[in-house]
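Student: I am new to this structure. Please pick one part, look at it closely, and then show me how it fits with the rest.

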Amino acid sequence: MTNELRRDPLFLRHTVNLLRSFWSHRRLIWQLALHDLRGRYAATLVGSLWAVVNPLILILVFWFVSAHGLRITFQKGPPYFLIVFCGLVPWMTFSEALNGGAGAVLNHRYLVKKIAFPLEILPIVSAISALIVHGFLLAVLFVILLVSGIPLTFHWLQMPYFLLGMLVLATGFSWILSSLNVFSRDVSHALSAVLTIWFWMTPILWPAQNLSGTALTIVRLNPVFYVVEGYRNALLYQQPLSAMWPLDVYFWVVSVTFFFFGALIFKRLKPHFADVL
Amino acid sequence: MNHADKLAIRVENVSKKYKLFPSNRARIREALDPWRRSFHHEFWALRDINFTVSRGHTVGILGMNGSGKSTLLQIIASVLQPTAGTVHVTGRVAALLELGAGFNPDFTARENVVLNGTIMGLSRSEILDRMSSIEAFADIGEFFDQPMKTHSSGMFMRVAFATAIYVDPEVLIIDEALSVGDAKFQEKCFRRFRAFQDDGKTILFVTHDRSAVPRYCNVGLVLHQGQLVDMGDPGDMADLYGEVLTVGGLTPHRPRQSGLRPVVDRPAPDAVPGDPVGDRPRAVTSLTSPISVKHNEILRQFLERAILADQCPLNPTYNKYEQRFGNGHAEIIDYLMIEADRANPTTIAVGADVDFYFKVLFHRDVEDPIIGITFTNSEGVTVYAVNTAWMKETLIPARAGDVRVYRYRVRLNLGIGDWFLEPGMAETTTDICDCRTALAHFYLIDRPYYGGLAKLDIGFSEVSIDTQGSSGDPHPLSP
């Protein structure tokens, strides 16, 4: 590590190379993301429809259980259903990107051995395929929001910003997960446990306002909280970006750190993939 | 166009070290260790390889398993990074390194062609333009639209090969993938090779079929234990590889054109002046010619070796993959080959007379012993088989505990290539005591090159069709 630091402080060169690789392989990334989606639903009748129908059903179930079973309420204005919907859409995309990311190298083993292939794009591929599904979910969400009479304002334009944040965070994690998973499948099993805990630790079904003091601080340290709240602020509460200051700084420090760290781990482990698979 | 422009591949001082880890844990520890400590053993797959390939050349790479052929191809295809040294390749490279690499078994061939083409840097429309040509070349019918996991390995290879050809590479690299194709498709591929060569494209391929190198390549290259033994004329390289195969260990750093190859036509150094074997050109040596002093000396040592256990594995021509069967009433415990006063040569000139001696230990009384020899090629095809029963030779009855030595003298009018000798000892033609299939392995060389399993006497001339001015050769077909 010391050597690399001396040659490339802050891993800037490495990161620039990565971004350049993403750009020059954009067609390939897109092609693979589509393959990824189609592959997952290869032997089905309605195909990729499942990618959208499943999350929608899950959202309905969560809403029903928490609104009518657990009687969770948010103090602030919009209907509870919309609050859950707005929170679940980014979370599902995030967990989908991580799950896909963990298997990114394993599931593409036919591209790892004996072929000149830019492996570093694989975790991006799983993030992109999660984003495609995300696009459909967002479309459904927008329709529901507009039907419910939520005003369409300029605040909605913050969406791409939070989306980008989530993408950076998920990619960093994916690099780490995908490369470690090659060596030990424990990673994907541990991940599903971690994601369950993470889900309930994030105020998605329950209002963050219920917490105060240390508990609230801990919840706010969760980078996904920033994205989930960001979505709600932009779409539901019509809040400006500054509403969460200074959490923005914290979020980007965490995300970018994971991004660099993940890129480094991936780069270090990449030469070993073909030997292990 | 200057010289540099004509080079398709330049490999400079390339070495490749593999790290062997005792466990995956050690692998991760080393990769992520902040102090860069090492937890591996080293294995050098390639050491200091240097060569260039001119544009338009077809290079056949020969080498035993584990000699570094695949590693070299993978480095040229930039699948692997060399540990040291550099590789320059001009233009797009298509590589068929392993069956299935780059193809998702869950997708149809058509979908995989699109994916593969994208990986090779083609746009979707470029790929779709070529799809019908690829489909036609692969020629696998409706399987083209079936998931590739339903394909046979031959179909897989056809699709991979068709794709590699139609992405229009400057350099095509093929690692033994062709060997799964049937003869018809192989022929089609080699015809395609010709078209490639004519277009000035470069082909690198690995093969174990030595005869393919002189047939299809301009250049041969022999690797042994990670080192470049030699590169040059395909026929010479095929012979050199034959030698590497039979001798097994070739001393590293063999200087080019060194005298390591046994000189086949030299007179026996110890031959008594005037001795028939030493003096006469071998081509006319009679099969009953007298035995030289040197020959007798070698034979005496063989006969005096009194160990009554299997000594065959000590012979340099011994093939450790031999197969053995029989009832065990008699045992072939040793053998000796003498050719032109050389004991147990691994490389022999076609047409040479070779004495094969077999030492047999009898465990039971055998009233009517029969000994036979069979020559097979590397595909196991019997090209010549004979035994003393067919030859109407009656052997002296043997008692349990007897040791007998039998001799066959053979003029080896077999084709260029690898040959295996199978001796067999029997009580009757169906009751076999000890048969050792592919016991000895030797390589036959000859110049100029010809193909096939046998050497025929051959003559050639062009026949004049001008019947008026019949001043030409009256016997055009005489050799």
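Tutor: Start with one pair of residues. In β7(B), B:F205 is the bridge partner of B:I174. Keep in mind that this is a predicted model.

That pair belongs to a longer match. Strand β6 of chain B, residues 171–175, pairs with β7(B) in the parallel sense, over five bridges. β7(B) also has a partner in strand β3 of chain B, residues 58–63. Those two strands run parallel as well, and four bridges join them. Here, B:I61 stands opposite B:V206 in β7(B).

Now look at β7 of chain B itself. The strand covers residues 202–206. It is mostly covered: five of its five residues are buried. In a regular strand, side chains alternate between the two faces of the sheet. Check the directions here. B:T202, B:L204 and B:V206 point one way from β7(B). B:I203 and B:F205 point the other way. Residues on both sides are buried.

Follow B:L204 outward. B:L204 is one of the residues that B:I76 touches, leaving aside residues up to four places away in sequence. B:I76 also touches B:I9, B:V11, B:V87, B:V89 and B:I173 under that same condition.

B:I76 leads into the largest nonpolar core, which has 180 residues. B:I76 and B:I173 are among the residues with the most contacts inside this core. So are B:V222 and, from chain A, A:C86, A:V125 and A:A170. The largest share of the core comes from helix α5 of chain A, residues 80–102, which gives 13 residues. Domain 1 (3–247) and domain 2 (276–445) of chain B both give residues to this core, so the core lies between them. In soluble globular proteins, nonpolar side chains tend to be buried together.

Next, turn to the place where the chains meet. Here, 24 residues of chain B are in contact with 20 residues of chain A. On the chain B side, α1 (24–32) and α3 (109–119) each supply at least two residues. The largest share of that side, five residues, comes from α1(B). By type, the chain B side divides into 13 nonpolar, eight polar and three charged residues.

Finally, step back to chain B as a whole. Chain B has ten helices and 20 strands. Of its 479 residues, 38% count as buried. Consider the contacts in chain B with a separation of 6 or more: 71% of them are between residues 24 or more positions apart.

Note on methods:
Residues numbered from 1 in each chain as written. Chains lettered and ligands numbered in written order. Predicted model: local features only at pLDDT ≥ 70, side-chain atom pairs only at ≥ 80, totals over all residues. Contact = placed C-beta atoms within 7 Å. Nonpolar A, V, L, I, M, F, W, Y, C, P; charged D, E, K, R; others polar. Buried ≥ 20, exposed ≤ 12 C-beta atoms within 10 Å, placed from the backbone. Pairing = 2+ DSSP bridges. Core = buried A, V, L, I, M, F, W, Y, C linked by C-beta atoms within 7 Å. Domains from an automatic or database assignment.
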